[in-house]
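The exercises that follow ask you to read a structure closely, and each is paired with a solution worked out in steps. Please look at the sequence and the model before turning to the solutions.

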Amino acid sequence: MTTTITYDQLADIAGTDLGYTEYRTVTQEQVNLFADATDDHQWIHVDPERAKNGPFGAPIAHGFLTLSLAVPFWTELIEVKGVSTKVNYGLDKVRFPAPVTVGSRVRMQATIAEVVEVSGGYQLTVDQTIEIEGMAKPAVVARGLYRFYA
């Protein structure tokens with residue numbers, strides 16, 4: 001469910017739990033395209049036959065591919081009306097506790113940890129966890145920094 005607020009409400013949303021996104025399935029096609037884009041063609045990602053006998057029993061998504069899903073997930077969780085520009089400002093404390101095997105479904109949970117005023121706008125610090133359906137450990141734990149300008 002998307003939380004919809006106005007720019008003027010940003011200052012007051014620290015501590016807000018935005019809940020969960022819908023699940024997305026990670027496909028081999030996504031992994032292959034990411035490998036091409038990043039020039040990371042390690043066999044654990046792009047060779048399904050060899051990966052069956054590897055340490056994870058299947059090909060796995062690149063950690064940074066899974067992390068990049070935070071962008072579309074973020075847009076599922078919050079919509080801020082009355083802004084001219086939204087910027088993905090950066091990340092803090094990124095960890096990849098568990099691999100995402102191809103065919104797994106992942107989703108993100110996010111909580112607004114902090115809101116600070118910056119020149120011309122607000123910066124939100126967001127605790128984000130990308131979970132793997134049916135797994136105890138998450139795929140990604142990160143603190144995202146997002147800026148919104150009027």
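**Exercise 1.** Determine whether Glu133 counts as buried, partly exposed or exposed, and find the residue with which Glu133 forms a salt bridge.

*Solution.* In this predicted model, the relative accessibility of Glu133 is 39%. Buried would require under 20% and exposed over 50%, so Glu133 counts as partly exposed. The next step is to look for a partner: Glu133 forms a salt bridge with Arg105, and the closest N and O atoms are 2.7 Å apart. As to position, Glu133 belongs to the loop between strand 7 and strand 8, whereas Arg105 belongs to strand 6, and the pair thereby links distant parts of the chain, 28 residues apart. Arg105 is itself partly exposed, with a relative accessible area of 33%.

**Exercise 2.** Identify the salt-bridge partner of Glu131, and describe how the strands that carry the two residues are paired.

*Solution.* The side chain of Glu131 meets that of Arg107 in a salt bridge, at 3.1 Å from N to O. Glu131 lies in strand 7 and Arg107 in strand 6, 24 residues apart; Glu131 is partly exposed, its relative accessible area being 21%. Turning to the backbone, strand 6 (residues 105-118) and strand 7 run antiparallel and are joined by 12 bridges, with Met108 standing opposite Ile130. The two strands form a hairpin with 2 residues between them, and Gly120 in the turn has a positive phi of about 80 degrees. Strand 7 is also joined to strand 8 (residues 140-149), again in antiparallel fashion, by 10 bridges, and here Asp127 stands opposite Arg143. Strand 7 is mostly covered, 9 of its 12 residues being buried.

**Exercise 3.** Explain why the salt bridge between Arg24 and Glu76 ties together parts that are apart in sequence.

*Solution.* The side chains of Arg24 and Glu76 meet at 3.7 Å, N to O. Arg24 lies in strand 3 (residues 24-25) and Glu76 in helix 5 (residues 70-77), so the pair ties together parts that are 52 residues apart in sequence. Both ends are partly exposed, Arg24 with a relative accessible area of 34% and Glu76 at 21% relative accessibility.

**Exercise 4.** Work out how the buried residues of helix 1 are arranged about its axis, and what they pack against.

*Solution.* Among the residues of helix 1 (residues 28-38), Gln28, Val31, Phe34 and Ala35 are buried. Seen down the helix axis, the buried residues fall within an arc of 125 degrees, so they line one face of helix 1. They pack against helix 2 (43-46), helix 3 (48-52) and helix 4 (63-68), while on the other side Glu29, Leu33, Asp36 and Ala37 are exposed.

Methods: Residues are numbered from 1 along each chain as its sequence is written. This is a predicted model: local features need pLDDT of at least 70, side-chain atom pairs count only at pLDDT 80 or more; totals for chains, interfaces and linings use all residues. Side-chain values use heavy atoms; hydrogens and water are left out. Buried means under 20% relative accessible area, exposed over 50%, partly exposed in between (1.4 Å probe, protein chains only). Helices (H or I, at least four residues) and strands (E, at least two) are DSSP runs, numbered from the N terminus. The arc is that of the directions from the helix axis to the C-beta atoms. Contact means heavy atoms within 4.5 Å. Two strands pair if DSSP finds at least two bridges between them. A salt bridge is a side-chain nitrogen of Lys or Arg within 4 Å of a carboxyl oxygen of Asp or Glu.
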